[in-house]
Amino acid sequence: YRKERNLTEAIIYYKKATDVDPNYYKAYYSLATLLISSDIQKSKFYLKKVISINPEYEKAHDTLGIINMQLELFDEATNNFLTAVSLNEKNYKSLYLLAEIFNSKNDWKIAKDYAKKAIDIKDNLGAAWYHLGIAEKNLKNKAAAKDAFEKAKRDKNWRANAAYELNLLEKGK
């Protein structure tokens, strides 16, 4: 049902799967991902259930971190991403999201470190380059910021944001 985009039926059957096996954490995870846009609190509840069953399930920590970011619970999100990274040190997604959080807290040095760690794992990651650029810009490293934004521009999802920041740099802002 999920592949057919029949989300209502998919939810019903994931719930049935968890009724049959209350420890089937992957069903809870799938249920949580289906509910993120319609019932974020219920999604968060299911992700916590996944973690209680299998605390080593990195994807649950990652996804819970994203939900906590959406709910502006940045300290909780930070803990979720740090846990995900401790489970898998090559988790570039959690690393660049940590960079984003620390940029939002004006902690540019820590943001820079996390962005660089993400880039070391995946060099063509526009999000990490963008957040590195933000950190460098605020650390007054204009050349490094420009370089990071130029690399972020290669990613179609970050092109507009990076171009905007490059334009600001050109204007001296």
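How many residues does helix α10 have, and how far does it reach from its first C-alpha to its last? Point 6 takes this up, after a short tour of the rest.

1. **What you are looking at.** This is a predicted model, in which local features need pLDDT of at least 70 and side-chain atom pairs count only at pLDDT 80 or more, while totals for chains, interfaces and linings use all residues. Residues are numbered from 1 along each chain as its sequence is written, and side-chain values use heavy atoms, with hydrogens and water left out.

2. **The overall picture.** The protein has 10 helices and 0 strands, and its pattern along the sequence reads α-α-α-α-α-α-α-α-α-α. Helices here are DSSP runs of H or I with at least four residues, strands are runs of E with at least two, and both are numbered from the N terminus. The C-alpha trace spans about 60 × 30 × 25 Å along its principal axes. Of the 173 residues, 43% are buried; buried means under 20% relative accessible area, exposed means over 50%, and partly exposed is in between (1.4 Å probe, protein chains only). Among contacts (heavy atoms within 4.5 Å) with a separation of 6 or more, 44% are between residues 24 or more positions apart.

3. **Surface and charge.** About 9800 Å² of the protein is exposed, and carbon and sulfur atoms supply 48% of that area. These areas come from the Shrake-Rupley method with a 1.4 Å probe. There are 30 positive and 23 negative side chains, with the centres of the two sets 4 Å apart. Lys and Arg count as positive, Asp and Glu as negative, and His and the chain ends are not counted. Each charge is placed at NZ of Lys, CZ of Arg, CG of Asp or CD of Glu.

4. **Helix α1 and the loop after it.** The 14 residues of α1 should span 20 Å at 1.5 Å a residue, and its end C-alpha atoms are indeed 20 Å apart. The expected span is 1.5 Å times one less than the number of residues. Ala10, Ile11 and Thr18 are the buried residues of α1. Seen down the helix axis, they fall within an arc of 100 degrees, so they line one face of α1; the arc is that of the directions from the axis to the C-beta atoms. Helix α2 is part of what covers them. The face turned away carries the exposed residues Thr8, Asp19 and Val20. In the loop between α1 (7–20) and α2 (25–35) sits Asn23, which is exposed with a relative accessible area of 52%. Asn23 and Val50 are 27 residues apart in sequence, yet their C-alpha atoms are 8.3 Å apart in space.

5. **Helix α6 and its neighbours.** Helix α6 covers residues 92–104, and the distance between its end C-alpha atoms, 18 Å, agrees with the span expected for its 13 residues. Its buried residues are Ser94, Leu95, Tyr96, Leu97, Leu98, Ala99, Ile101, Phe102 and Asn103. They pack against α4 (58–70), α5 (74–87), α7 (108–121) and α8 (126–138). After α6 comes Asn106, with a positive phi near 60 degrees.

6. **Helix α10, as promised.** This helix (residues 159–170) has 12 residues and reaches 16 Å from first C-alpha to last, close to the 16 Å expected. Its buried residues are Ala162, Glu165, Leu166, Leu168 and Leu169. Around the axis they cover an arc of only 160 degrees, which puts them on the same side of α10. That buried set packs against α8 and α9, whereas Ala160, Tyr164 and Glu170 are exposed on the other side. Just after the helix, Gly172 takes a positive phi of about 80 degrees.

7. **Two loop residues to look up.** Glu72, in the loop between α4 and α5, has a positive phi of about 60 degrees although it is not a glycine. Glu72 counts as exposed, at 60% relative accessibility. Lys140, in the loop between α8 and α9 (142–152), is not a glycine either, but has a positive phi of about 70 degrees. At 71% relative accessibility, Lys140 is exposed.

8. **A buried glutamate.** Is Glu136 in helix α8 buried or exposed? Glu136 counts as buried, at 5% relative accessibility. Leaving aside residues up to four places away in sequence, Glu136 touches Lys112, Lys116, Asn141, Ala144 and Ala145.
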